[in-house]
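Subject: Handover of a structure for your study

Dear colleague,

Please find below the structure that I am passing on to you. I would ask you to look through it first and then to read the notes that follow.

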Amino acid sequence: KIFVMDSDGTGAKKLTEGDFLDSWPAWRPDGKSIAFVSNRTGNYDIWLLQADGTKLVNLTADAGQDTAPAWSPDGKKLAFISTRHGGSDIYTIEVK
């Protein structure tokens with residue numbers, strides 16, 4: 001699951017629900033959303049979630065395993081590792 005909390009460890013809030021493996025959270029540089037990896041479709045894809053836990057969006061939907069999301073400094077692109085072409089290659093996508 002993906003949680004957020006205050007810097008002193010209080011105020012923990014669970015952002016993701018369900019019986020899925022949600023991991024590898026990466027905060028967008030503006031702090032408004034979080035990219036993360038989840039198996040909620042039966043495959044490891046990159047998902048986007050608003051910082052308040054709303055607006056869950058699947059960013060990748062490929063048969064390969066997509067992991068390790070990392071934002072560009074301006075927050076417009078997201079890099080990730082994928083096995084979609086047989087190896088572990090790095091891909092980027094634009095995120096609005």
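How many helices and how many strands does the chain have? The model, which is a predicted one, contains 0 helices and 9 strands. Read from the N terminus, the order of elements is therefore simply β-β-β-β-β-β-β-β-β.

Overall dimensions

For a chain of 96 residues, a compact globule would be expected to have a radius of gyration near 12 Å, and the value of 13 Å found here agrees with that. Along the principal axes, the C-alpha atoms occupy a box of roughly 45 × 35 × 20 Å. The accessible surface amounts to about 5,700 Å², and carbon and sulfur atoms contribute 54% of this area. Of the 96 residues, 35% are classed as buried. Among the contacts with a separation of 6 or more, 20% join residues that lie 24 or more positions apart. The chain carries 11 positive and 13 negative charges, and the mean positions of the two groups are 6 Å apart.

The nonpolar cores

Which residues make up the largest nonpolar core? This core consists of 10 residues: Ala-26, Ala-35, Val-37, Ile-46, Leu-48, Trp-71, Leu-78, Phe-80, Tyr-91 and Val-95. Two or more of its residues come from each of strand 4 (33-38), strand 5 (45-50) and strand 8 (77-82). There is also a second, separate core of 7 residues, including Ile-2, Leu-15, Ile-34 and Trp-47.

Val-37, a member of the largest core, deserves a look of its own. Leaving out residues up to four places away in sequence, Val-37 touches Leu-21, Asp-22, Ser-23, Trp-24, Tyr-44, Asp-45, Ile-46, Asp-66, Thr-67, Ala-68 and Pro-69.

Leu-15 in the second core

Leu-15 lies in the loop between strand 2 (13-14) and strand 3 (22-27). Is Leu-15 buried or exposed? Its relative accessibility is 7%, and because buried means under 20%, Leu-15 counts as buried. Beyond its neighbours within four places in sequence, Leu-15 is in contact with Ile-2, Phe-3, Val-4, Ile-34, Leu-49, Ala-51, Asp-52 and Gly-53. Two of these partners, Ile-2 and Ile-34, also belong to the second core. Pro-73, by comparison, is 58 residues from Leu-15 along the chain, and the C-alpha atoms of the two are separated by 24 Å.

Yours sincerely,

A colleague

Methods
Residues numbered from 1 in each chain as written. Predicted model: local features only at pLDDT ≥ 70, side-chain atom pairs only at ≥ 80, totals over all residues. Heavy atoms only, no water. Core = buried A, V, L, I, M, F, W, Y, C linked by side-chain atoms within 4.5 Å. Buried < 20%, exposed > 50% of the residue type's maximum accessible area, 1.4 Å probe, protein only. Helix = DSSP H or I, 4+ residues; strand = E, 2+ residues; numbered from the N terminus. Contact = heavy atoms within 4.5 Å. Rg over C-alpha atoms; globule rule 2.2 N^0.38 Å. Areas by Shrake-Rupley, 256 points an atom, 1.4 Å probe, with all protein chains shown as cover. Lys, Arg positive; Asp, Glu negative; His and termini not counted. Charge placed at Lys NZ, Arg CZ, Asp CG, Glu CD.
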